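Reader: I would be grateful for a close look at the cysteine links in this model, followed by an account of the charged pairs and the nonpolar surface that accompany them. Please treat the matter as one connected description.

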Amino acid sequence: MIANFCRQGWPSRYLMLRKLNLEKDTERTQGGPLGVKAINTARTTTSTTVSQRVTFTSKLLILLLILVIVVVGIILYVELMRPKSGAIYFSNNYEHDTFPNLGDGHLVVERDQWGASENAKNLTTPLKHPIPYVMITHIGVQSQPCYNIYKCSIKMRSIQDAAIAEKGLPDISSNFYVSGDGYIYVGRGWHWANTYADRTLAITFMGDYVRHKPEKRQVEATKYLLAHALTNKYIALDYKLVAHNQTRKTKSPGAYVYSIIKKWPHFYPCGEENYPVCGSELGMAPYPWEANA
């Protein structure tokens, strides 16, 4: 019986099993039809995804590069159009209703901007250029410093009213006034003599500097004003810088201001011990150095 089974069924079954084993081995070694397709499809999909990513990244980098170039171009344009450092401006070289700028934010407030009185009389004594003397004064009389354009404009109007009504002067006394925030207020300006002496440029610190120390920006603004005056030949190249108390008996411009300007290059110790009277070399009246004009 066993012999009969072997003769009839074993070969064909063996051959079928052998065939199936060979097909499985082929699929395993070669991936089979389905495996090859799956692998190829996966590879194609991966390649497409990587390509898309590279393309998107390249576009993003190009966009960022263009943006950087535009920003750098704008910055360069602004820098080229900006005034060169060290340049000092005074006249109406400003826009959008702002104030003229001496440099470093030291603004110049013109007479009409601080509200100068129309009752001021016409000044009659011109100030000849270049001016040989610069005199530093202060308001004094327990005057409080001011630190914004609103309060300083009120102070300027009060000073002008007092000069006209109480002292009988035609206008405010000094040529320029310097506030605590470093602004310059135009008094009689560059072209008209002040009330102290005809051949001087009078610059007044707004406050009482017997009691108060001047602000850093206030001192700096005065230097900018003098630099501008030199550049435009309003004052002489060898001008003499003096304090009000060197020309008459007064506490002006206050000990704090006086101790500062004594260290400046153009300071001239006239009126002090062993020095001649201020202005004597020019024939100016020695005391009280008041022109009352």
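Author: In this predicted model, Cys-270 and Cys-278 form a disulfide, with 1.8 Å between their sulfur atoms. The link of Cys-270 and Cys-278 is right-handed, with 90° about the S-S bond. Both partners are placed alike with regard to solvent: Cys-270 is buried, and Cys-278 is buried as well. A disulfide is a covalent bond that runs between the sulfur atoms of two cysteines.

The count of disulfides comes to two. The other joins Cys-146 to Cys-152, at an S to S distance of 2.1 Å. This link of Cys-146 and Cys-152 is right-handed, and the angle about its S-S bond is 115°. Cys-146 counts as buried because its relative accessibility is 3%, under the 20% limit. Cys-152, with a relative accessible area of 0%, is therefore buried too. When the bonded cysteines of the protein chain are numbered in sequence order, the pairing reads 1-2, 3-4.

The charged side chains come next. The structure holds four salt bridges, and three of them are described here, beginning with Asp-171 and Arg-111. The side chains of Asp-171 and Arg-111 meet in a salt bridge, with 3.0 Å from N to O. Asp-171 lies in the loop between helix H5 (149–165) and strand S3 (176–178), whereas Arg-111 belongs to helix H4 (residues 111–114), so the pair ties together parts that are 60 residues apart in sequence. The two partners of this bridge fall into separate accessibility classes: Asp-171 counts as buried because its relative accessibility is 2%, while Arg-111, at 23%, counts as partly exposed.

A further salt bridge is formed by Arg-211 with Asp-208, whose closest N and O atoms are 3.4 Å apart. Here Arg-211 is partly exposed, with a relative accessible area of 41%. Its partner Asp-208 has a relative accessible area of 6% and is therefore buried.

Glu-281 forms a salt bridge with Lys-240, and the closest N and O atoms of this pair are 3.7 Å apart. The bridge links distant parts of the chain, 41 residues apart: Glu-281 is in the segment after helix H7 (255–261), and Lys-240 is in strand S6 (residues 235–243). Glu-281 is partly exposed, at a relative accessible area of 40%. Lys-240 also counts as partly exposed, because its relative accessibility of 22% lies between the limits of 20% and 50%.

There remains the nonpolar surface. A nonpolar patch on the surface is formed by Phe-56, Leu-60, Leu-61, Leu-63, Leu-64, Leu-67, Val-71 and Ile-75, which together have about 800 Å² of accessible area. One of these residues, Leu-64, is found in helix H3 (residues 32–81). Leu-64 has a relative accessible area of 44% and is therefore partly exposed.

To draw the description together, the cysteines of both links, Cys-146 and Cys-152 as well as Cys-270 and Cys-278, are buried. Among the charged residues, Asp-171 and Asp-208 are likewise buried, whereas Arg-111, Arg-211, Glu-281 and Lys-240 are partly exposed.

Conventions: Residues are numbered from 1 along each chain as its sequence is written. This is a predicted model: local features need pLDDT of at least 70, side-chain atom pairs count only at pLDDT 80 or more; totals for chains, interfaces and linings use all residues. Side-chain values use heavy atoms; hydrogens and water are left out. A disulfide is a pair of cysteine sulfur atoms within 2.5 Å. Buried means under 20% relative accessible area, exposed over 50%, partly exposed in between (1.4 Å probe, protein chains only). Helices (H or I, at least four residues) and strands (E, at least two) are DSSP runs, numbered from the N terminus. Patches are made of residues with over 30% relative accessible area and no salt bridge: like charges are joined within 9 Å, nonpolar side chains (Val, Leu, Ile, Met, Phe, Trp, Tyr) within 5 Å. Accessible areas come from the Shrake-Rupley method with a 1.4 Å probe; for residues, only the protein chains shown count as cover.
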